[in-house]
Amino acid sequence: MWTYIARRLLYAVPILIGVLFLTFLLFFAISSPEDLARSQLQKGANNDSIARWMRDQGYATYTASGLEKLAKAPELERLSKAQSERGEDARQLTADSEGLRKAHGPTEAALAPAKLVEVKRLLGALGTLDAAKEATAALGKIEGRLTQANTLPVLEPLVAALEAVEPRTPVIEGTLAAVASLRAALPDAKLAGRLELIDTLPEVKKAKEADAASEAVAAPFEAMKAEAKKAADALGEKIKAVSGDKEKKIDPDLVAKARLEAELARTKAEYAKKIAPLSDAATEAALAAQLAWLDADRAKLAAMREAAPDFTDADGVQDPVFATLLAELEARRGVAHGGKTLAEYDYAVARAEHDAHLLQGQVQGLIITAEDTQRHGLIRLFVTYVRDLFTFNFGQNNAQRPVSEVLLSGMGPSLKLMIPAFLLTEIIAVTLALFAALYRGTRIDRSLVVMSVFLMSFSSIAMTMFIQKVVAADWGYFPIAGYASGLPGYAFLILPMFIYVIISLGTQMRFNRILMLDEIGQDYVRTARAKGLGQNAILFRHVLRNTLIPLITRWAVVIPNLYLGSLVLESFFGIPGLGGITVQAIAIRDVNTIRALVFIGTIIYILATLLADVLYAVVDPRVKLK
Amino acid sequence: MFKRTLTLALLIAGLFTAIGLNGCQQMMIEIDDLPVVVRRELTSDPKTIDPHLAGDVVSSAQSGMAYEQLYDYDYLKQPAQLVPRLAAAMPVISEDGKSHRIKLRDDVYFQDNRCFPGGKGRKMTADDVLYSFKRMAAHPKTTGYWVVEHKIVGLDAYRSYAESMLGAIEDNKLRAEKEKEVHSIDVPGLRKLGEYEIEILLTEPYLQLTYCMCMSYLAVMPREAVEFYGEDVYRNPVGTGPFVLKYWDWGRELLWDRNPNYRKSEVFPGEAYFRQLQAEQGGVKVGEKAVDLDQYKPYWGRQLPLADRISFRILKESQASWLEFLAGHIDVFAPESDQFSVAIQNDSLTPEMIEKGIYLDKYERPVVEYFTFNMDDPKLGTLGGEKAKAIRKAFSCSLDREEYIRTYLNGRGVPARMMVPRLFPEYDDDYVYPHSVYDPAKGREILKEAGFRLDGSGDKWKAVDPDTGEPVTITMLLRGTTQTSEDMATFLRTSCSTVGIEMNALKLEFPEFLKRQYGGTGQSYNAGWVLDYPDAQNMMMLVIGKEARNNGLNSARYRNAEYDAKYERVSKLRADVPEELAEKKQLIREMHEILAEDCPWVLMYFQRTYRLNHKWSLQAVPNDFNYTLFKYAASDSQLRRVTANEWRQTPLLPAAIMAILALTLGALFLFKVVRNQ
């Protein structure tokens with residue numbers, strides 16, 4: 001028997017695949033994912049949102065349009081062109097910013113000597129509140145020197161110079177406030193052991209926050225770069241895995257046709273390039289920080305120039321240093337570089353590189369898809385489709401709810417209604433059929449036949465509406481509609497069950513009666529009677545047992561449908577079962593739900609027929625499973 | 001054997017009886033253990049309670065239970081009037097119209113929820129508002145981005161950036177991390193001016209922004225909820241609104257309880273407000289009927305929401321809703337065709353309904369039904385020249401809208417006289433769009449003048465093009481395959497024959513209809529539009545040239561530079577400024593005239609709803625743009641319980657007859673069995 005079961009299960013695989021192939025063709029030939037997207041998005045539907053919806057729902061790999069546009073050359077060409085343009089942009093921008101970097105370079109070099117670095121840091125210390133973080137660092141560096149000196153004399157000339165500057169800019173005010181705070185914190189001018197106090201200064205705290213904010217501004221650039229690179233690398237790996245030279249397979253005619261599209265894309269890219277730096281908040285923030293810093297520098301320089309004689313004499317700072325600082329200032333302002341600042345360049349380069357990486361990824365992905373599609377076509381798509389189902393990856397329904405969750409939640413109420421209703425119907429139908437067969441031709445038989453024809457003639461919807469109105473609403477014997485979990489929930493199910501029995505009873509009884517009549521006329525019944533067996537023994541022990549084979553066959557067909565519930569009863573009685581879900585899914589073309597229902601239905605059907613075969617062997621000793 | 005069978009049968013019968021009685025008892029007791037419990041029904045579950053994704057009426061209304069927006073509409077003022085909700089005042093708009101500065105309330109708290117530290121809802125700040133704008137813009141599944149598309153500086157770039165960052169990530173965890181990163185990036189057009197003040201910078205003046213801020217798409221959500229619940233936030237609402245979700249039992253019921261932390265300043269209007277209403281607009285109307293304002297007296301100044309609990313039961317079949325309504329288990333019900341004649345006759349309630357104390361509300365809704373011709377169609381569109389124009393115009397003359405509404409809708413419609421609903425201030429009483437008037441004789445005349453030959457008499461005519469010998473036909477696509485579509489097809493065929501046009505009405509499944517409509521592959525369409533906000537611009541935009549494209553709103557593909565220019569001006573005019581309103585009305589009239597000349601549109605009707613209310617339900621004044629009205633809903637649970645119990649009569653006679661019948665049959669059966677034994 002086990003061999004038989006195993007063989008039957010193996011047979012089930014091609015059947016399942018066949019059914020899935022049919023649903024696959026139905027879904028992707030009749031109703032494209034674009035149509036589904038449109039019906040879901042309604043007012044929000046446009047080309048972008050449709051593409052986004054399809055990708056998000058996981059249709060990208062199945063798209064019918066993907067199939068019909070098998071040669072993706074136009075798209076490929078467009079993306080390749082865009083990619084190379086953005087790459088070129090990145091290179092050009094890098095070259096443009098070179099000059100700026102060169103101007104920046106000597107400044108750093110000139111300021112390299114330790115002493116001068118300290119001077120620069122000191123300037124920072126005297127700088128704006130915004131630059132106070134730099135002050136912290138600078139003060140940290142000159143800790144040794146200040147500790148030796150035990151005083152703040154080095155600050156004095158600068159303070160004096162600043163105090164002399166008119167008008168007092170906010171920068172100068174801030175600087176003087178910072179120095180005053182320092183003095184207050186260091187009353188004895190003794191720094192040893194007390195430098196940690198610097199960190200507690202409100203100005204320094206504020207500066208730290210500002211600094212953190214500026215880092216936050218820079219972070220997205222890095223993230224963008226890293227992300228793009230990662231995506232490109234991953235796709236690169238994929239490409240390697242698939243094959244080498246794919247571009248050759250592109251149809252030149254299609255490439256030519258795509259020129260117009262590519263031209264449009266280029267225009268669009270140029271437009272994007274123009275507005276991108278302006279529309280991005282990060283750039284604006286970076287620019288604002290840069291300008292504030294420049295203002296501070298300018299103020300510092302002005303202050304130092306005022307105090308130049310003393311300052312240079314005391315610290316040996318020569319004019320070239322000022323010149324270098326000025327150059328840096330000019331460079332930062334980008335006067336000689338088309339009005340762009342370094343931050344702008346950095347951002348533009350990052351953005352172009354990011355775009356180029358992404359586009360490269362898309363191009364590579366497209367090549368892979370085109371290649372794969374060309375190579376495997378429908379079969380490959382179908383394999384993905386089947387794999388998803390066999391791994392129970394049903395995806396989400398149109399309302400973004402996991403399909404598996406929807407089915408599980410609906411299956412409970414459906415089974416709770418249908419299994420007892422089905423059992424009750426079968427018990428009554430079999431009993432009455434036996435009774436009718438036994439009294440064949442009598443008034444009892446005729447009454448039962450009339451009753452079953454009467455029940456069969458009623459429309460199930462009319463019957464449901466009538467019974468619900470009279471028994472539940474008018475007489476109040478049962479709740480009108482509703483559902484609850486647990487045992488009390490059955491209160492809501494009794495009436496629908498009763499209706500199910502009434503709706504199904506006529507047909508079932510008629511069918512069973514014919515089976516019974518067939519059996520009751522058999523020789524073995526006559527023999528049993530001749531042997532003196534009682535009627536009940538003949539009916540239940542012999543006739544019923546022999547009619548079980550056709551009954552089991554019918555149950556094997558009916559039982560798999562029980563899990564789908566009953567649309568009419570569930571709708572009218574507000575039972576949250578699968579009946580309503582199924583119809584709703586079909587009405588709105590919820591592909592993921594339908595295919596999952598079909599898949600599960602097929603599996604249950606296969607198992608039910610297998611079970612029926614096993615039961616044949618149980619009820620009829622003549623049947624052997626080999 | 002017999003005894004065993006009998007015992008088993010009795011046991012089963014006893015079990016079912018016990019269960020049944022228990023259940024019935026439960027139904028009778030109900031769960032109205034609070035003073036004000038409102039009971040409503042829905043025909044389906046909401047798709048989501050994530051306001052940024054809520055694209056349909058049911059989802060938006062459910063989102064409105066838990067979430068609020070910066071602005072919404074005044075409770076009873078007519079026509080609908082904007083009021084600040086989470087904002088402290090109306091926006092301050094700069095002279096060039098490109099900057100909207102909004103001060104926020106500083107007493108708004110999110111609902112208590114486990115997504116917050118310690119489960120305690122925190123204060124809402126400007127960051128939350130900006131975060132919500134950005135979340136909506138960055139969300140790949142939102143259907144609402146159109147409300148701000150191309151409008152806010154940098155937001156489009158932000159959206160595409162978000163898409164680049166998140167689009168390719170399949171791993172949910174990584175995606176959630178990246179989302180955080182994306183949501184923390186600043187957008188130039190969304191500026192925080194202070195803890196409770198924001199500024200929105202626009203690319204162009206956008207007068208309708210405040211209306212859009214009333215829509216659920218721009219509701220305020222806390223970052224914590226999104227990060228805590230991830231995708232599941234769609235069924236775990238955490239807003240600032242008046243109700244908290246107790247449970248959502250899919251397919252069965254949604255139950256909302258009062259939010260105990262709802263701000264104390266939100267109260268039901270007081271005497272002064274109602275006096276002002278009386279003085280300014282002469283009271284309140286639902287449709288044509290004046291509302292008795294005295295019924296609101298017991299609620300004056302009471303803390304909102306009025307209801308302690310609101311239940312929405314999911315009842316897909318209208319008969320179930322209807323029976324539940326009649327039994328007193330549901331407070332409000334809008335009858336469909338099946339129940340209409342039982343409840344309403346001659347536009348009034350039937351005596352049975354009146355006896356139950358039920359009252360009727362009838363009102364027009366900003367939902368319009370119309371026909372569009374595809375102007376790119378070679379036969380009926382622009383290329384068809386004067387002949388095509390004549391066919392379009394003749395078609396418009398053939399439709400007897402009153403008859404359709406009377407026969408097929410039970411009066412649930414109002415013939416559309418212009419594209420603007422009557423509820424809007426822009427509605428022009430003195431104007432009638434020429435293609436909304438029934439006049440088949442004129443239709444035939446138009447066709448004759450255009451050179452068509454007409455044969456026939458009475459209501460049966462046939463127009464033929466003498467040049468080609470072909471009959472004049474129109475292929476109309478209908479949305480849906482339901483009885484409503486069948487009725488429409490019948491109506492169109494009958495109507496068109498009165499002017500000699502052969503109507504080929506195709507009933508299509510909704511997705512298929514949309515595919516053809518938005519793909520421009522149909523000849524004409526039976527379309528509908530639900531207005532989003534009370535500004536005529538929302539309607540007039542359906543015919544502008546830039547929307548005449550695939551997947552655009554202008555399914556007629558109508559292009560007219562003059563119309564577009566007037567639209568540009570109309571969209572910048574306010575209806576609440578008298579001088580601007582006058583200009584706006586004039587322009588809208590001129591736009592109608594332009595359309596009348598080319599006839600790309602034929603108006604049908606605006607929807608009209610009939611709503612039955614039980615006497616214990618506080619009368620609601622409808623406002624289809626306001627999804628946060630449930631905080632004003634109230635029902636007297638005690639009265640409902642008492643009345644429903646009075647109505648519930650359980651006659652013993654039918655049960656007794658059935659029992660005797662069953663017992664007799666059973667006894668007969670057993671007798672036979674025993675005798676056989």
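Buried means under 20% relative accessible area, exposed over 50%, and partly exposed in between, computed with a 1.4 Å probe on the protein chains only. The model is predicted, and local features need pLDDT of at least 70 while side-chain atom pairs count only at pLDDT 80 or more, although totals for chains, interfaces and linings use all residues. Residues are numbered from 1 along each chain as its sequence is written, chains are lettered from A and ligands numbered from 1 in the order in which they are written, and side-chain values use heavy atoms, with hydrogens and water left out.

**Stop 1: chain A as a whole**

Select chain A and colour by secondary structure, where helices (H or I, at least four residues) and strands (E, at least two) are DSSP runs numbered from the N terminus. Chain A has 27 helices and 0 strands, and of its 626 residues 49% are buried. Taking a contact as heavy atoms within 4.5 Å, residues 24 or more positions apart supply 77% of the chain A contacts that have a separation of 6 or more. The exposed surface of chain A comes to about 30,100 Å², of which carbon and sulfur atoms supply 63%; such areas come from the Shrake-Rupley method with a 1.4 Å probe, and for residues only the protein chains shown count as cover.

**Stop 2: the nonpolar cores**

Move next to Leu70(B), Ile200(B), Tyr296(B) and Trp601(B), which touch the most other members of the largest nonpolar core, a group of 134 residues. A nonpolar core is a set of buried Ala, Val, Leu, Ile, Met, Phe, Trp, Tyr and Cys residues joined through side-chain atoms within 4.5 Å. Helix α3 (residues 126-138) of chain B gives the most to this core, with 8 residues. Centre on Ile200(B) and, setting aside residues up to four places away in sequence, you will find contacts that include Ile102(B), Phe133(B), Ile152(B), Leu209(B) and Met213(B). Another core, of 72 residues, lies apart from it and has among its members Met418(A), Leu438(A), Val525(A) and Ile330(B).

**Stop 3: Asp331(B)**

Select Asp331(B) in the loop between α9 (318-326) and β13 (332-333) of chain B, where a relative accessibility of 0% means that Asp331(B) counts as buried. Which side chain is joined to that of Asp331(B) by a polar contact of 2.8 Å? The partner is Arg640(B), a polar contact being a pair of N or O atoms within 3.5 Å in which, within protein, one must be able to donate a hydrogen and the other to accept it, and for which residues adjacent in sequence count only if both atoms are side-chain atoms. The Asp331(B) side chain also reaches the backbone nitrogen of Arg39(B) at 2.8 Å. Beyond the neighbours within four places in sequence, the contacts of Asp331(B) include Phe325(B), Leu612(B), His614(B) and Trp616(B).

**Stop 4: salt bridges**

A salt bridge is a side-chain nitrogen of Lys or Arg within 4 Å of a carboxyl oxygen of Asp or Glu, and by this rule there are 59 over all chains. Show Arg85(B) and Asp72(B), whose closest N and O atoms are 2.9 Å apart in a salt bridge. Arg85(B) lies in the loop between β3 (82-84) and β4 (92-93) of chain B and Asp72(B) in strand β2 (residues 71-73), so the pair ties together parts that are 13 residues apart in sequence. Both residues of this pair, Arg85(B) and Asp72(B), are buried.

Go on to Lys192(B) and Glu195(B), whose side chains meet in a salt bridge at 3.5 Å, N to O. Lys192(B) counts as partly exposed at 39% relative accessibility, and Glu195(B) is partly exposed with a relative accessible area of 40%.

**Stop 5: a hairpin and backbone details**

Display strands β8 (residues 243-249) and β9 (residues 253-258) of chain B, which run antiparallel and are joined by 6 bridges; two strands pair if DSSP finds at least two bridges between them. Phe243(B) has Arg258(B) of β9(B) as its bridge partner. The two strands form a hairpin with 3 residues between them, and Gly251(B) in the turn has a positive phi of about 80 degrees.

Most residues other than glycine have a negative phi, and most peptide bonds are trans. Asp347(B), however, has a positive phi near 65 degrees and is found in the loop between β14 (344-345) and β15 (348-349) of chain B. Finish at the cis peptide bond from Gln78(B) to Pro79(B), with omega near -5 degrees, where Pro79(B) lies in the loop between β2 and β3 of chain B.
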